[in-house]
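Please look at the sequence and the 3D structure shown below. A short briefing follows, grouped by topic.

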Amino acid sequence: MPSDASDWSLHSQLKKDTIDIGDLPLCRVLVIKDAHYPWLLLVPRRNNAVEIIDLNEVEQAQLMTEISRVAKALKEVTQCDKLNIAALGNLVPQLHVHVIARRSNDAAWPRPVWGVMPPLPHDAEEVQNFISALRRKIWLG
């Protein structure tokens, strides 16, 4: 059973691949460093959580609430055609949920985004504007 967040840390690969934008009650919210797609991660701050079922029922409900809040904000900010929401964890075992805004003209459409294009670095100003808009919609500041 996962322990609380007191000694929790973000997996090194997630740290390398993301920009931290803040914490919700359960999850850390991160932006994937790939300008091809508006792509967020939610990582529950619970040690040893690999699967959603590793969270207790209250934490599972909180995770769904936070996924919904972040997904609605991402859809409003991006005006995307579709949201992809998934918890895969095949490469990084730490529980994390992808929330990806998709457009019918994006590089991977209609396929999943993984491995289609090498990551495209974000323009510093554009990503800061994106993060600011998201933080307002998600109530992070």
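What covers the buried residues of helix 3? In this predicted model, the cover includes strand 1 (18-23), strand 2 (27-32), strand 3 (39-44) and helix 2. The points below take helix 3 first, then one residue of helix 2, then an annotated span.

**Helix 3: length and sides**
- Helix 3 runs over residues 124-138, and its 15 residues should span 21 Å at 1.5 Å a residue; the end C-alpha atoms are 21 Å apart, so the two values agree.
- Val-127, Phe-130, Ile-131, Ala-133, Leu-134 and Ile-138 are the buried residues of this helix.
- These buried residues lie on the same side of helix 3, because they cover an arc of only 165° around the axis.
- Ala-124, Glu-125 and Arg-136 are exposed on the other side of helix 3.

**Helix 3: its two ends**
- The N-terminal end of helix 3 is capped by Asp-123, which has a side-chain oxygen 3.2 Å from the backbone nitrogen of Glu-125.
- Trp-139, just after helix 3, takes a positive phi of about 70°.

**Thr-78 in helix 2**
- Thr-78 belongs to helix 2, which covers residues 57-78.
- Thr-78 counts as buried because its relative accessibility is 8%, and the cut-off for buried is under 20%.
- Apart from neighbours within four places in sequence, Thr-78 is in contact with Pro-38, Ala-101, Arg-103 and Phe-130.
- Of these contacts, Phe-130 is also one of the buried residues of helix 3.

**The annotated span**
- An unreviewed UniProt entry annotates residues 40-109 as "domain: HIT".
- That span is 31% helix and 23% strand, and its end C-alpha atoms lie 18 Å apart.

Note on methods
Residues are numbered from 1 along each chain as its sequence is written. This is a predicted model: local features need pLDDT of at least 70, side-chain atom pairs count only at pLDDT 80 or more; totals for chains, interfaces and linings use all residues. Side-chain values use heavy atoms; hydrogens and water are left out. UniProt positions are given in the numbering used here, feature names are shortened, and annotations may be inferred rather than shown by experiment. Helices (H or I, at least four residues) and strands (E, at least two) are DSSP runs, numbered from the N terminus. Buried means under 20% relative accessible area, exposed over 50%, partly exposed in between (1.4 Å probe, protein chains only). Contact means heavy atoms within 4.5 Å. The expected span of a helix is 1.5 Å times one less than its number of residues. The arc is that of the directions from the helix axis to the C-beta atoms. A polar contact is a pair of N or O atoms within 3.5 Å; within protein, one must be able to donate a hydrogen and the other to accept it, and residues adjacent in sequence count only if both atoms are side-chain atoms.
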